[in-house]
Amino acid sequence: MLKYIIKRLLWIIPVLIGVTVIVFTILYFSPGDPAYLALGDNATPEAVEAYRVEMGINGTYWERLGRTLLGLLKGDLGISYRSRTPVLDELIVRFKVTFNISAWSIILGILLGIFFGIISALKQNTVWDSLATGCALFGISMPMFWQGLMLILIFSVWLGWLPASGYGDSWKQMVMPVIALGVNSSATIMRTTRSSMLEVMRQDYIRTAKAKGQSYWMVVLRHALRNAMIPIVTVIGLQLGVLLAGSIVTEAIFSVAGVGKYLVDSLNARDYAAVQGCVLLIAFVSAILNLIVDVIYTYIDPRMKTMYESAKVFHLPKKGAKSSV
Amino acid sequence: MRRGGVGDPGAGNPTTALGIMGLVPDPPGEVLSGSVLFEGQDLLQLPEKNMREIRGGKISMIFQDPMTSLNPVMTVGEQIAEVVLLHSRMSKQEARKKAMEMLEQVGIPGGRCDDYPHQFSGGMKQRVMIAIALACSPELLIADEPTTALDVTIQAQVLELMRNLKREYGTSLILITHDLGVVAKICDKVAVVYAGEIIEYGTLEDIYTDKRHPYTIGLFDSLPDIENEAAELKVIQGMVPDPSNLPEGCKFHPRCPYAQEGCKHGRVEPVQISETHMVRCGRFRSGEV
């Protein structure tokens, strides 16, 4: 198992290099020149050149790409054109904010999603089921930015209970971003929980558990939910990715100074080093989260563990050929 | 007492067994009427809480398909210990020990109690099911086609095991099967079931040497005979009726070679033809045979 984890961790490196190359190339060919944007349209060619050298954006495509990748190896994400500070330092501060909001959101999403998913599976085709699936459908269909705006309209403008924007002054500022993000994921998690529980509850081993004289709720929680968790964990893993993307929208709406807002602002200012850093960070976090989800699988489903541990037996990669993980 | 129930698929055997356990899937099933008497109590009238004490404790059940009847994400030890913990006052350690003992009893090394079901073969899984079923020394064991999903050599082993353990634990057994050979091997009394009704009931000898009901006769006739080289097997004409649309009168009359006008109407009551032998056929009531 440890070997598997190490292997997966090593695989993150080529992923990050790939992401860097793609993002760098897209930004390279995108319109807008950061030097003119920073110095103004009337800047002299000398000043522009000096600025480019200072920011490390002089030279050909290959020179710049090489510099970026070398910097990446050293853990250097470059310097923000706007603030002239290392991108990494900026990111660390903002990531804490995004992490905080995302963590609370996913916890909210998991709790709501699994709870209502179980209820609606056990009470299939009743009013409760229709109500829960109806709410989930609403949660999935409505775009996140619209939900965020509605929350602001209701709780800040009309009721005046919660501050409409900002972060860090009071826990109240976190409530709406967390709800906007969490409710959205809970809808997907709820639907998966429902269908997974419905399927598992019809399995033979549930009948066996009942035949042992086990109580209804113990059958549901011990036998059914543990088996139903396999697809649910998959969806939670996917939702974590969605959450990171969603935080871009949510942070922009609620003016939370997280990675998402930083990414949007940097993009508007053509601060390419910062954009690249943000995307890289998001890719890195996604890769790590995926790994964590895969490891969690093995704890839920012992069959997976056997599969991972004996993976070599099934497909021996040819020497030099890349094996897919 | 060992009793076997034989009959066509769809005859209602397994459903009856689930009815005894109060485990008929609802929806779509529901027990509408009748009673299940066990040690003087009607199980259908018992509240769910008391019924739970009986399930797994006093009456336990072995299911048809061992491949899907064990929970894939729990170790077999946990699954045996679970039923022990529910019906006795053992601590977790004691229950685990008991689980290992039960595994040994069914011929699996106790050390494998931390393995998961996918690490066992089909025959071993059914042994684990037997260990779960017998862990609390139940009064009654209902086995619903316990060997159908297993291949023949494993079938023999599992049947032998069930017979020995039954003797050792003093458990009564209701065996539901399509396999007349299995019945002959284990059972004392046999009930032949057709369309949800017992149509003939008697000792093993009554049924095997003195069968009376046309359906039972047809059932035995359809067995392949090693000495007879006939190219085609004898079959009972027609199909098992749809349980939701049973024929009026004797439920077997559309397929019965002896059917008369009288068989088409009215309920056929069972007739006692000897002290141990009961048959539900109109011809015996009228004294024709």
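Buried here means under 20% relative accessible area, exposed means over 50%, and partly exposed lies in between. Keep those cut-offs in mind as you click through this predicted model.

**Stop 1: chain A as a whole**

Start by selecting chain A and colouring it by secondary structure. You will find 14 helices and zero strands, so the pattern along the sequence reads α-α-α-α-α-α-α-α-α-α-α-α-α-α. Turn the chain around: its C-alpha trace spans about 85 × 65 × 30 Å along the principal axes. Of the 325 residues in chain A, 42% are buried. Now switch on the surface. The accessible surface of chain A is about 17,200 Å², and 69% of that belongs to carbon and sulfur atoms. How much of the contact in this chain links residues 24 or more positions apart? Among contacts with a separation of 6 or more, such pairs account for 72%.

**Stop 2: helix α11 and its buried face**

Next, select residues 259-268 of chain A, which form helix α11. Show the side chains of A:V259, A:G260, A:Y262, A:L263 and A:S266, the buried residues of this helix. Then look down the helix axis: these buried residues fall within an arc of 160°, so they line one face of α11(A). What covers them? The cover includes α5 (87-122), α10 and α12 of chain A. Before moving on, step just past the helix to A:R270, which follows α11(A) and has a positive phi, near 55°.

**Stop 3: α10 against α12**

Two of those covering helices deserve a view of their own. Select residues 216-254 for α10 and residues 272-300 for α12, both in chain A. Their axes come within 10 Å and cross at roughly 170°. Angles over 145 degrees count as roughly antiparallel, and α10(A) and α12(A) are therefore roughly antiparallel to each other. To see the contact itself, show A:R226, A:M229, A:I230, A:V233, A:T234, A:G237, A:L240, A:L244 and A:I248 on the α10(A) side. Opposite them, on α12(A), show A:I282, A:V285, A:S286, A:L289, A:V293, A:I296, A:Y297 and A:I300. Colour these residues by type, and the contact divides into 13 nonpolar, three polar and one charged.

**Stop 4: two distances to try**

Stay on helix α10 and select A:W217. Is this tryptophan buried or partly exposed? A:W217 has a relative accessible area of 47%, which makes it partly exposed. Draw a line from its C-alpha to that of A:N184: the two residues are 33 apart in sequence and 28 Å apart in space.

For another line, go to A:L137 in helix α6 (residues 127-141) of chain A. With 47% relative accessibility, A:L137 counts as partly exposed. Connect its C-alpha to that of A:A187, which lies 50 residues away along the chain, and the separation reads 7.1 Å.

**Stop 5: positive phi angles**

Most residues other than glycine have a negative phi. With that in mind, select A:R84, a residue that is not a glycine but has a positive phi of about 60°. A:R84 sits in the loop between α4 (61-73) and α5 of chain A, and at 43% relative accessibility it counts as partly exposed.

Now jump to chain B and select B:E145, which is not a glycine either and has a positive phi of about 45°. Where is B:E145 placed? Look in the loop between β5 (140-144) and α7 (152-169) of chain B. B:E145 counts as buried, at 5% relative accessibility.

**Stop 6: chain B and a buried serine**

While you are here, select all of chain B. This chain contains 11 helices and 10 strands. Buried residues make up 49% of its 289 residues. Chain B exposes about 14,400 Å², with carbon and sulfur atoms supplying 51% of that area. Of its contacts between residues at least 6 apart in sequence, 61% join residues at least 24 apart.

For the last selection, pick B:S60 in strand β4 (residues 59-62) of chain B. B:S60 has a relative accessibility of 3%, so it counts as buried. Which residues does B:S60 touch, not counting those up to four places away in sequence? Show B:M21, B:A133, B:P138, B:L140, B:L141 and B:I142 to see those neighbours around B:S60.

Terms used: Residues numbered from 1 in each chain as written. Chains lettered and ligands numbered in written order. Predicted model: local features only at pLDDT ≥ 70, side-chain atom pairs only at ≥ 80, totals over all residues. Heavy atoms only, no water. Axes fitted to C-alpha atoms, helices over the stretch in contact; angles between N-to-C directions. Helix = DSSP H or I, 4+ residues; strand = E, 2+ residues; numbered from the N terminus. Parallel < 35°, antiparallel > 145°, perpendicular 65-115°, else oblique. Contact = heavy atoms within 4.5 Å. Nonpolar A, V, L, I, M, F, W, Y, C, P; charged D, E, K, R; others polar. Buried < 20%, exposed > 50% of the residue type's maximum accessible area, 1.4 Å probe, protein only. Arc of directions from axis to C-beta. Areas by Shrake-Rupley, 256 points an atom, 1.4 Å probe, with all protein chains shown as cover.
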